[in-house]
Amino acid sequence: MLSRLLFEGNIPSQQDAVVEPGRRISWSELREQAQFIARTQREAVTRRRVGLCFPPAAKSYATLAAMSRLTCDAFLFDAHLSLEDALNLARKLKLGAFLGATGDSASS
């Protein structure tokens, strides 16, 4: 549903989509982030099982929407897992990709 809202919805672009401590992200900013993630991750994740490990933040929502758009089966991991534990879990689940937060960006 978030994916459809971001990619196909008719929401006022400057309306707040996510409010974080000290920062507000508009729907247009969130849409741009989701489009960028979908474009740059398309080959790596389309139609694959993907683990996502992020704290609740705007980029996390954009990533989730992009994965849905790319018809991925997304598995949400606890953001408090260590990288090693998250990667071990991804291997056990035989995921095709793992995306996690590193600072202010996502990595695979």
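Here are four short exercises, with worked solutions, on a predicted model.

**Exercise 1: The aromatic pair**

Find out how many aromatic pairs a search of the whole structure gives, and work out which label fits F77 and F98: stacked, edge-to-face or tilted.

*Solution.*
- Step 1: The search of the whole structure turns up 1 aromatic pair.
- Step 2: What do you need to describe such a pair? You need the distance of the ring centres and the angle of the planes.
- Step 3: For F77 and F98, the centres are 5.6 Å apart and the planes are at 55 degrees. The cut-off for pairing is 6.5 Å between centres, so F77 and F98 pair up.
- Step 4: Stacked needs under 30 degrees and edge-to-face needs over 60, so this pair counts as tilted.
- Step 5: Now look at where the rings sit. F77 is in the loop between strand 4 (73–76) and helix 4 (83–92), while F98 is in strand 5 (residues 97–102), so the pair ties together parts 21 residues apart in sequence. Both F77 and F98 are buried.

**Exercise 2: Counting disulfides**

Work out why C53 and C72 don't make a disulfide.

*Solution.*
- Step 1: Start from C53. The closest cysteine sulfur belongs to C72, and it is 16 Å away.
- Step 2: A disulfide needs the two sulfur atoms within 2.5 Å, so 16 Å is too far for a bond.
- Step 3: Check from the other side: C72 is in no disulfide either, with the sulfur of C53 as its nearest at 16 Å. The count is 0 disulfides.
- Step 4: Buried or exposed? C53 is buried, at a relative accessible area of 9%, and C72 is buried too, at 11%.

**Exercise 3: Getting to know L6**

Say which helix holds L6, and which residues L6 touches beyond four places away in sequence.

*Solution.*
- Step 1: L6 belongs to helix 1 (residues 2–8).
- Step 2: L6 has a relative accessible area of 0%, so L6 is buried.
- Step 3: Leaving out residues up to four places away in sequence, L6 touches W27, L30, R31, A34 and A65.
- Step 4: For a distance check, take R48, 42 residues from L6 along the chain: their C-alpha atoms are 21 Å apart.

**Exercise 4: Sizing up helix 3**

Compare the span of helix 3 with the expected one.

*Solution.*
- Step 1: Helix 3 covers residues 58–69, which makes 12 residues.
- Step 2: At 1.5 Å a residue, 16 Å is expected; the helix reaches 17 Å from first C-alpha to last, which is close.
- Step 3: Buried residues in helix 3 include A58, S60, A62 and A65.
- Step 4: Following helix 3 comes T71, with a positive phi near 50 degrees.

Technical notes:
Residues are numbered from 1 along each chain as its sequence is written. This is a predicted model: local features need pLDDT of at least 70, side-chain atom pairs count only at pLDDT 80 or more; totals for chains, interfaces and linings use all residues. Side-chain values use heavy atoms; hydrogens and water are left out. Rings of Phe, Tyr and Trp (its six-membered ring) pair if their centres lie within 6.5 Å; planes under 30 degrees apart count as stacked, over 60 as edge-to-face and the rest as tilted. Helices (H or I, at least four residues) and strands (E, at least two) are DSSP runs, numbered from the N terminus. Buried means under 20% relative accessible area, exposed over 50%, partly exposed in between (1.4 Å probe, protein chains only). Contact means heavy atoms within 4.5 Å. The expected span of a helix is 1.5 Å times one less than its number of residues.
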